[in-house]
Each structure stands twice: as structure tokens, then as C-alpha cells.
Amino acid sequence: MKAGTVNEAKLRWAELDDDDGEDLDFLLPPKEVIGPDENGIKKVIEYKFNEQGNKVKITRTVQTRKLAKARLSKKAVERRSWAKFGEAVNGNVGDSRTVVSTEEIKLERRNGPGSKPVAPNPLAPKGVTTIKCRVCEGDHWSSSCPHKDLLLRHMEASEVPISDTQTPGTSKKTYVPPGLRPGADKTDMRPRRDENSVRVTNLSEDTREPDLLELFRPFGDVSRVYVALDKETQVSRGFGFVNFVRREDAQRAINKLNGYGYDNLILSVEWATPRPN
Amino acid sequence: MRPILMKGHERPLTFLKYNRDGDLLFSCAKDHTPNVWFADNGERLGTYRGHNGAVWCCDVSRDSSRLITGSADQSAKLWDVQSGQQVFTFNFDSPTRSVEFSVGDRLAVITTDPFMELTPAIHVKRIASDPADQSAESVLVLKVPQGRLKINRAVWGPLNNTIISAGEDAIIRIWDSETGKLLKENQKEEGHTKTITSLVKSPDGSHFLTGSLDKSAKLWDTRTLTLIKTYRTESPVNAVAMSPLLNHVVLGGGQDAINVTTTDHRAGKFEAKFYDKILQEEIGGVKGHFGPINALAFNPDGKSFSSGGEDGYIRLHHFDHDYFNIKI
């Protein structure tokens, strides 16, 4: 210790106070390794400070085994040193033939212990919540709603410009579909089929229209069942609509099935459109 | 895990094969040059130049000295693994689809496609230990009664006594490799309904797994040809693999290559799907390819696997620790 090294000269009392122990390791003699001998036994001598700040010498005797080598067959080790041939000869170093993916790929578990469901926030008081989704009225933000594509659709629908005041087609000679021409009767061009329509959300992916019909049939006559499918993947998007012939039946279905557990999911059933009062 | 991406091919991959020690990985693609890679770090060791058509299949001898490749250029070639030199060329009158060395590497089975007026056939060739003695004569030629339909895979049965073949007619056949007699066909009602694209034997040869475009893979007993298990998935299966370590099977596939550009990528399901071999239950999927998976291979030590896709990439996956204690 007295052998005045450069490091020691730099040491100040203030630094000693600040960081206790760990950063003083440079004061210790370097690690010594003796061996390994023919039996693979080597001696490692290390020095470190203990809790009292005293220097301690640690001598460890270790037997090392070459595991990696043992696993490869002799032939395989030999092949490792084979010369490159064919197109691999020139410029294999640094070229981008072999790249380690920057992306961490997981074995994505379908179900079981590997797939973790989203844990509910334990701090949130149960039953009372200030957050209300504009789409499905659940207690989460609209942006994180599983059915937010519904909202988008609603918004798109309301953003369609109403061109009643202007009369396109009169000023420019462009084709205007009959339905958009001034004076066209817009009400019964296509009868809207949302009377007594019930929206069912949080359906499982496997639910198909017949399943929904089976579920809603006991409440009364059903005129239409529709499950929204993704256009491209043909996978259910998790919501659907059921039209009842009688409004009372629909109301009964809502009362009964809202919050009903179906296929591991809690259904949410409500009127598809706000009722005009 | 962080897969290693290997881009050695310009065209879709067709086949992947590890050697017995699991240190080399051979890859075939529709470009004409099979490649060999070090299976630990994915470094390319060499290429085998000489074919003049898509290379459909390959096999490597037990001592990793010889490679045999089957190509659409109507030939099968023997190569020296170390130098990349051609040793011998078997010429046929139609494209060769599947090749495999027998146990002991003294024989090879080569299948040829239907072509012009030729019907598909299975050829058995003797492989000489000294390439100078190699002859092009077929020991046995099996004419297969499936008309214009291809044989996609033919492999050796236990003790080289039989040859198992499967192909576009969706029927698995077992042949006597001595006499060429048809011994068994699988039961129609339990078999596949569409083209069988791949066939892989278990490490001990007692059972084998077939993958088919009917969106399923089936596990069969090699001797009795009885159906053991069925694994169902959502997309056509192009490639199958069996873990030598755990009771896992892997199915790779995706929609038909011709539909890739016209449909949504989410519909493609270009992932390698892991199933429990016994429970037939899906464990999970490994994503990453931009196109259907055409080839799958498990390292003989069971600690890594590689997949080759229509996108021209080989992805070499070394499993994380937690893979080995997966519980269903």
C-alpha cells in the first residue's frame, strides 16, 4: 500500500467519504491466476476490502472443464477450420449475408401460462370509475378501447359533408347520383335496418352469426344477426348486431345478456343507436 | 431469442438440412446454388455451384463428407462437402424433387417429377464409397400409380427395408426397397385431403410427421402406417419439423405463394407454430418471415432451429432458456 502508485496520489479524503469501499478497488494488488495445470486446476488469488475496510486476500482453487469443446465432436471442430469455398470465399467478413436480428423474437404463447392477460389496475377503486370509453362505455380510455374502430366509423359517418345547400351538378356538368340530387327523397332510398337493433361487443373471435342467433333467439324473434368480420383476414372483430322484431324482446335481451359471460368473455349488450326520446 | 438472418439466396428457400453433428446447415433454394452455413453463428462456409435449375432437396451423409442435391435441371448431384466440388451427376429425363441417403450412405433414393409423357418415379441408386466407382445405374425404379401428380418426398424406412413416399395425391405409400412392391397405403378417411408438402422422420425413425396443404400435419407410425396424432392449423403447411429433445413439433407455412401479394399480411400467418406432440395443443408461434415458410429444420441437439421462407431468408433461432421449461 505504501508503494506510492499514481492512483494513490490522486486519492483525496473527500472522495473517500463519498464512495465507500467499492471504488477503492484500484488500490488493491491485481488479480493473480496460477495455472490451469494438466488437471485443469487453477488458483485464483484476489484481494478485496471487507466491511470493516480491511484488505482481505481470497485464494480460490478452481477446476475448470472445457464444456464447449466437449460438446462438439472432433470432426465438427475440424470442420470449423475448413477453408471457405464457392461464393463464400471473397468478402464474407463484414458483408451483410449473416445478420443478427435487431428484433427480439419471442415464442408467442397462444394461451396457457406464457400469455399474460392484462392485469387490472389494483389502485382503481372497484365499481367507481371516472374513465368512460366513448365507444363501448367501458372504464378505459377511448383510445385503448378494443372496439375503437367502431368509433372511427362513427366519426367517418358524421364527417360526410351534407351538400343539401349546395347543388353540385348545376354549376358544373358532373354526374350526381340520383340520391344526392336536390329534391331527392333521401329517407326511403334504403330503409335503415336499425330498428330494435342491439349492439353486442366483446365477442370472442370464434363467435359466428349462428352462435349469436342461438344466444339471442330465446328472447324473441330475431330479424337479423350480423358479426363484423375483418375484410382481409375474415377474423371476427369482436362485435356484432342483432335486430329484434319487437322492441320489448330487445330490451329483455339487453337486460339479461349485458354482462353475461360467453366464451370466457363478458358480453356487453346495448342499444345500437341512442333511442330518440 | 434473437434469430440470425442469413441472406445467401436470391430466391425462395426450398429445403434445409442439418448434418448429424449439428454444426453445419445446408440450404437449398430456387436459385441454383445450395449453400452451407455454420449452424452456430450463421457464417457461410461455402456454396455448391453447378446446378442449372431450382434445387428442391438435399441430404448429407452421416460423416458429413458427401452432399446429394436434387434439382429441377433434371439431375441429382453428389458433392464433396468440404471443397464444394461436384463428384458425380445422375441425369434423369425429368426434374428431381426429393433425395435422401439411406442409413449407412450406401444407397440413395431420388424421386422424379412427371414430365412430358413421363410419370413420376422413385429411383434407388447405389452410392459408391469411392467416387471413381460411382455408376449412374438405378438399382430399382418404382413406377408410382399417381398419374401426373408429383411425389414431394420419399424417405427410407427402418433398416432401409422400406421407402416411404408422399406427394400431391395426398396418399402415403410404403414400398419394399428390395422388390419394389407396394406394401401399404394409408387409410383414405384418416389421411390428408390435399397435397402433402413435407415429410420428416423422428430421430429414431419410429414415427414420422407429414404436413399438407389441407392445413394439418399428421403423425404416423412408420411400421404400421397408423395415424397417431393430427395437428390442425389455420393455413396450409409447407414444412414440418420435430424436436429431437422435447415433445414438440413445428409447422411452417402460410398462404399459397401466389396469393401473398394480393392479401393482407395479417392473413398470411407466416409463423412457425409449435405444437405439443402428444397433447396436439398449440404452444406458440415464432414470427418473422415476410412470406410463407417453405423449409424447417431442427438442430439435432434440439437447441436451435432454422426456417427458410419464400422471402429468401433463412432465420436461425437459438432457443432461450425458458423454452426448455415451457409448460402447457
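Good morning. I begin with the largest nonpolar core, which has 28 residues, and in which L24(B), F26(B), Y48(B), L67(B), I68(B), V81(B) and F90(B) touch the most other members. Please bear in mind throughout that this is a predicted model.

Several strands of chain B build this core. At least two residues each come from strand 3 (24-29), strand 4 (35-38), strand 6 (55-60), strand 7 (66-71), strand 8 (75-80), strand 9 (86-91), strand 10 (96-101) and strand 11 (107-112). Strand 6 of chain B gives the largest share, 4 residues. V81(B) deserves a closer look. Leaving aside residues up to four places away in sequence, V81(B) touches W82(A) and F85(A) of chain A, and in chain B its contacts include L24(B), F26(B), Y48(B), V60(B) and L67(B).

Let me turn to chain B as a whole. The chain contains 1 helix and 28 strands. Of its 328 residues, 61% count as buried. Among contacts in chain B between residues at least 6 apart in sequence, 44% join residues at least 24 apart.

The UniProt record, an unreviewed entry, annotates "repeat: WD" over residues 6-47, 48-89, 151-185, 189-230 and 286-316 of chain B. I will take two of these spans. In residues 151-185 of chain B, the end C-alpha atoms lie 14 Å apart, and the span is 0% helix and 57% strand. For residues 286-316 of chain B, the corresponding distance is 11 Å, with 0% helix and 52% strand.

Next, the internal spaces. How many cavities of 30 Å³ or more are there? The count comes to 2. The largest has a volume of about 60 Å³. Its lining comprises 10 residues, and those nearest its centre are T233(B), S235(B), L251(B), E271(B) and K273(B). Strand 23 (residues 248-253) of chain B supplies the largest share of that lining, 3 residues. By class, the lining divides into 3 nonpolar, 4 polar and 3 charged residues.

The second largest cavity holds about 40 Å³ of space. The residues that line this cavity are F270(B), A272(B), V286(B), K287(B), G288(B), H289(B), I293(B), F305(B), S307(B), R315(B) and H317(B). Two elements of chain B, strand 27 (304-309) and strand 28 (314-318), give two or more residues to this lining. By class, the lining of the second largest cavity has 5 nonpolar, 4 polar and 2 charged residues.

I close with three loop residues of chain B. Two of them have a positive phi without being glycine. In Q74(B), phi is near 65°, and this residue sits in the loop between strand 7 and strand 8. N160(B) has a phi of about 60° and lies in the loop between strand 14 (151-156) and strand 15 (162-167). Is N160(B) buried or exposed? Its relative accessible area is 15%, which is under 20%, so N160(B) is buried. Q74(B), by contrast, has a relative accessible area of 23%, and because this lies between 20% and 50%, Q74(B) counts as partly exposed.

The third residue, S129(B), occupies the loop between strand 12 (121-126) and strand 13 (138-143). Its relative accessibility is 68%, which is over 50%, and therefore S129(B) counts as exposed. Although S129(B) and R106(B) are 23 residues apart in sequence, their C-alpha atoms are 7.5 Å apart in space. Thank you.

Definitions and conventions: Residues numbered from 1 in each chain as written. Chains lettered and ligands numbered in written order. Predicted model: local features only at pLDDT ≥ 70, side-chain atom pairs only at ≥ 80, totals over all residues. Heavy atoms only, no water. 1 Å grid on protein atoms, 1.4 Å probe; cavity = no way out; pocket = protein on both sides within 12 Å on 5 of 7 lines; lining within 4 Å. Points joined across faces, edges and corners; volume = space filled by probe spheres on them. Nonpolar A, V, L, I, M, F, W, Y, C, P; charged D, E, K, R; others polar. UniProt positions renumbered as here; feature names shortened; annotations may be inferred. Core = buried A, V, L, I, M, F, W, Y, C linked by side-chain atoms within 4.5 Å. Buried < 20%, exposed > 50% of the residue type's maximum accessible area, 1.4 Å probe, protein only. Contact = heavy atoms within 4.5 Å.
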